[in-house]
Amino acid sequence: MASSQCCDNPPALNPACGEGKVVDSFGGLKAYVAGPEDSKAAVVLVADVFGFEAPILRKIADKVASSGYFVVVPDFFHGDPYVPENGKPIPEWLKSHTPEKGFEEAKPVIATLKEKGVSAVGAAGYCWGAKVVVELAKAHEIQAAVLLHPSFVTIDDIKEVKCPISILGAEIDKMSPPELVKQFEQVLSVNSGVGHFVKIFPGVAHGWSVRYSHDDAAAVKSAEEAFADMLDWFNKNLK
């Protein structure tokens with residue numbers, strides 16, 4: 001069951017934001033793309049329930065792209081992100097927007113990247129998107145994974161991860177509380193064949209890395225630290 005934290009601080013969606021561009025089909029999905037088209041390393045960003053038009057998420061995509069990656073942010077919700085004011089409860093919305101469906105739809109996106117000549121693909125997932133990314137990491141689809149305040153990810157998922165993985169958790173998180181994140185770390189420590197980096201950010205809540213107020217200096221600092229950790233993980237494992 002999704003926590004109410006999954007819906008806190010909803011962004012004002014803006015289809016025109018970002019320095020990249022929106023394409024009608026990338027691996028069969030509408031997507032926001034940014035960065036050098038001829039890059040040999042790519043990053044797929046998988047949104048939380050608010051989808052690919054969230055301005056902070058696109059800003060993150062632009063920053064990753066400025067480091068030399070070709071970045072794709074697919075619209076896994078097909079134009080139907082979660083909108084709290086529509087009145088539909090999040091469990092109802094999730095029935096037709098499962099991470100498992102997102103995982104299946106991510107495979108053609110990665111195949112398209114490889115057809116473009118990309119040799120290393122990383123993926124980062126926020127909340128809902130973290131479950132999609134962990135499934136990709138279990139299936140040998142990607143070369144590096146980052147989970148940020150994951151939702152729906154289990155210990156059994158972590159046991160099956162096949163690529164280097166970074167897990168960035170929040171101190172105040174009902175979906176992946178620190179105790180669970182520490183269990184993830186214990187599992188990864190036993191699996192010596194998989195590189196890992198696990199960190200719990202103090203004083204922040206689920207969603208902190210992609211949904212925050214620009215007026216809150218402490219929130220901005222924590223989000224920027226999470227971004228730096230994510231980018232560092234990709235730089236170590238994709239280049």
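Start at Lys 131, which is buried, with a relative accessible area of 7%. This is a predicted model, and the charged side chain of Lys 131 leads into several of its features. Its side chain meets that of Glu 135 in a salt bridge, 3.2 Å from N to O. Glu 135 has 13% relative accessibility and also counts as buried, because the limit for buried is under 20%. Both residues lie in helix α4, which spans residues 128–138. They are 4 residues apart, about one turn of the helix. The pair does not stand alone. Salt bridges that share partners join Lys 131, Glu 135, Lys 138 and Asp 157 into one network.

Side chains of opposite charge can pair when their charged atoms come close. In this model the count comes to 14 salt bridges. One of them joins the side chains of Asp 48 and Arg 211, at 2.6 Å from N to O. This pair links distant parts of the chain, 163 residues apart. Asp 48 sits in the loop between β3 (41–46) and α1 (55–65). Arg 211 sits in the loop between β8 (196–205) and α7 (217–238). Asp 48 counts as buried, at 5% relative accessibility. Arg 211 counts as buried too, with 5% relative accessibility.

Another salt bridge has partners with a higher accessible area. Glu 225 and Lys 199 meet through their side chains at 2.7 Å, N to O. Glu 225 belongs to helix α7 and Lys 199 to strand β8, so the salt bridge ties together parts that are 26 residues apart in sequence. Glu 225 is partly exposed, with a relative accessible area of 32%. Lys 199 is partly exposed as well, at 21%.Strand β8 brings us to the sheet. It is an open sheet of 8 strands in the order β1-β2-β4-β3-β5-β6-β7-β8, with mixed pairing. Its edge strands are β1 (21–26) and β8, each of which pairs on one side only. Neighbouring strands are turned by 20 degrees against each other on average, direction ignored. Strands of a sheet pair through backbone hydrogen bonds, either parallel or antiparallel.

Take the β8 edge. Strand β7 (residues 165–172) and β8 run parallel and are joined by 7 bridges. Here Ile 172 stands opposite Ala 205 in β8.

Now go to the β1 edge. β1 and β2 pair in the antiparallel sense over 4 bridges. Phe 26 stands opposite Leu 29 in β2. The two strands form a hairpin with 2 residues between them. Gly 27 lies in that turn and has a positive phi of about 65 degrees. On to the next pair: β2 and strand β4 (residues 70–74) are antiparallel, again over 4 bridges. Ala 34 has Val 71 in β4 as its bridge partner. Of the 6 residues of β2 (residues 29–34), 5 are buried, so this strand is largely enclosed by the rest of the structure.

Return to helix α4. α4 packs on the sheet, where it touches β3, β5 (120–126) and β6 (144–148). The direction of α4 makes about 150 degrees with that of β5.

What does the largest nonpolar core contain? It has 48 residues. Those with the most contacts inside it are Leu 113, Ile 142, Leu 147, Ile 158 and Ile 167. Helix α4 gives the most to this core, with 7 residues. The helix that holds the buried salt bridge partners Lys 131 and Glu 135 is thus also a contributor to the nonpolar core.

Leu 147 shows how this core is put together. Neighbours within four places in sequence are left aside here. Among the residues in contact with Leu 147 are Ala 130, Val 133 and Val 134. Others include Gly 125, Val 153 and Ile 158. The contacts of Leu 147 also take in Ile 165, Ser 166, Ile 167 and Leu 168.

Apart from this core lies another, of 40 residues. Its members include Val 64, Ala 65, Tyr 212 and Phe 227.

One record covers much of what has been described. UniProt, in an unreviewed entry, places the feature "domain: Dienelactone hydrolase" at residues 29–236. Over residues 29–236 the chain is 40% helix and 23% strand. The end C-alpha atoms of this stretch are 29 Å apart.

Technical notes: Residues are numbered from 1 along each chain as its sequence is written. This is a predicted model: local features need pLDDT of at least 70, side-chain atom pairs count only at pLDDT 80 or more; totals for chains, interfaces and linings use all residues. Side-chain values use heavy atoms; hydrogens and water are left out. A salt bridge is a side-chain nitrogen of Lys or Arg within 4 Å of a carboxyl oxygen of Asp or Glu. Buried means under 20% relative accessible area, exposed over 50%, partly exposed in between (1.4 Å probe, protein chains only). Two strands pair if DSSP finds at least two bridges between them. Axes are lines fitted to C-alpha atoms, for helices over the stretch in contact, and angles run from 0 to 180 degrees between N-to-C directions. Contact means heavy atoms within 4.5 Å. A nonpolar core is a set of buried Ala, Val, Leu, Ile, Met, Phe, Trp, Tyr and Cys residues joined through side-chain atoms within 4.5 Å. UniProt positions are given in the numbering used here, feature names are shortened, and annotations may be inferred rather than shown by experiment.
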